[in-house]
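Hi there,

Here is the structure I promised to pass on to you. Could you have a look at it first, and then read my notes underneath?

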Amino acid sequence: MRSGYLSRLLIFAGLSLTSSIGLSTHSSFPSQRVTASEPPSTLVAGVRSFAKGGSFPVENFRGYTSGFGYRPSPRGSGWEFHRGLDIAAPEGSYIRNWWSGKVIKISDGTACGTSITIQSGKWQHIYCHMKGYAVKNGGTRYLIDNSGGIQIKEGQLLPSGARIGRVGMTGRTTGPHLHWGLKYGKQYVDPAKVLRAMYKTRA
C-alpha cells in the first residue's frame, strides 16, 4: 500500500474516529466496572515510536460500525462491553497486519469466527470474522483461505502491512466487517486511540 494512500486513509479514519466513536449516554447505561479499559495516555503516546511503520488494518475501508466500550447487545437485550473496533469493508476485502510480529494463535468455531492473534512486543492484535478456516497439521495450526490465496501458520513472523486474511462473516456477526482488538500486556486498549495517534503522526 503506497504511503500517500495510507496517509490519506489515516486522515479520513482519524476524522471519522474523532466524530463518530464514543460511549452512549443512554439512561440505562450500566454502571458496573469491567476489566477491559482504555490505556493511560502515556501508553498511547508510545504508539508514535512505531506509527510510521504501522498499517491501517483493512483495505476498502467503509466506516466504523461499533466502537470500544459499552453498546446495546446485538443479541437483542441488555448491554455488553465491546473489546475492540468494528471496521466495515466489503466481504472479501483484504486485511493487513497492523504491526510486525509473530502469529501466536489461530482459531475458529467461536463468536470471533476465524481469527488470528499476533504478538508484537507487549502488544497483541486480534483479527476476527475472517474468511477461511483453521486446520491443524503436524501439531501446527494454519489459517487457510484458498480463494484469497492466504495461508498463515502459528509461529510465523509477519511484517507490518502484510495481507493476513480477508473480511468475512464467520462467528457472531450481522454483516461483513473486521473486529480488530488490541491488548497491551493483559489490558485491552481502545484501537481508536491507536489510530488517532497514527493519524497525528502522519498528518
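**What I found**

Let me start with histidine 129, which is buried at a relative accessible area of 6%; buried means under 20%, exposed means over 50%, and partly exposed is in between, with a 1.4 Å probe and protein chains only. This histidine belongs to strand β8, and its phi is near 70 degrees, a positive value in a residue other than glycine.

Before going further, please keep in mind that this is a predicted model, in which local features need pLDDT of at least 70 and side-chain atom pairs count only at pLDDT 80 or more, while totals for chains, interfaces and linings use all residues. Residues are numbered from 1 along each chain as its sequence is written, and side-chain values use heavy atoms, leaving out hydrogens and water.

**Overall picture**

The protein chain contains three helices and 15 strands. Both are DSSP runs numbered from the N terminus: helices are H or I with at least four residues, strands are E with at least two. Of its 203 residues, 49% count as buried. Taking contacts (heavy atoms within 4.5 Å) between residues at least 6 apart in sequence, 69% join residues at least 24 apart.

**Strand β4 and its neighbours**

In β4 (residues 85-88), Leu85 and Ile87 point one way, Asp86 and Ala88 point the other way, and all are buried. That fits a general pattern: in a regular strand the side chains alternate between the two faces of the sheet.

Strands count as paired if DSSP finds at least two bridges between them. On that basis, β4 is joined to β1 (residues 63-66) by three bridges, running antiparallel, with tyrosine 64 opposite isoleucine 87. β4 also pairs with β14 (residues 177-184), again in the antiparallel sense, over four bridges. Here alanine 88 has histidine 177 as its bridge partner, and leucine 85 stands opposite tryptophan 180.

Aspartate 86 may interest you too. Its relative accessible area is 6%, which means it is buried, and its side chain makes a polar contact with the side chain of histidine 179 at 3.1 Å. A polar contact is a pair of N or O atoms within 3.5 Å; within protein, one must be able to donate a hydrogen and the other to accept it, and residues adjacent in sequence count only if both atoms are side-chain atoms.

**Strand β14**

β14 is mostly covered, with six of its eight residues buried. Besides its pairing with β4, β14 pairs with β8 over six bridges in the antiparallel sense, where glutamine 124 stands opposite lysine 183. Three bridges join β14 to β15 (residues 187-189), also antiparallel, and tyrosine 184 faces glutamine 187 there. These two strands make a hairpin with two residues between them, and glycine 185 in the turn has a positive phi of about 65 degrees.

**The core**

The largest nonpolar core has 31 residues, and Ile87, Trp98, Ile116, Tyr127, Ile152, Ile164 and Trp180 have the most contacts inside it. Such a core is a set of buried Ala, Val, Leu, Ile, Met, Phe, Trp, Tyr and Cys residues joined through side-chain atoms within 4.5 Å. Among the elements that each supply at least two of its residues are β4, β8, β14 and α3 (191-202).

**The disulfide**

How many disulfides does the rule (cysteine sulfur atoms within 2.5 Å) give? The count comes to one, between cysteine 112 and cysteine 128, whose sulfur atoms are 1.8 Å apart. The S-S torsion is about -75 degrees, so the bond is left-handed. Cysteine 112 lies in the loop between β6 and β7 and cysteine 128 in β8, so the pair ties together parts 16 residues apart in sequence. Both partners are buried, cysteine 112 at 19% relative accessible area and cysteine 128 at 4%.

**A small extra**

There is also an open sheet of three strands in the order β9-β10-β11, with antiparallel pairing. β9 (133-137) and β11 stand at the edges with a single partner strand each, so one side of each is left without a neighbour in the sheet. Five bridges link β9 to β10 (residues 140-145), and lysine 136 stands opposite arginine 141.

Best wishes

Note on methods. Disulfide = S-S within 2.5 Å.
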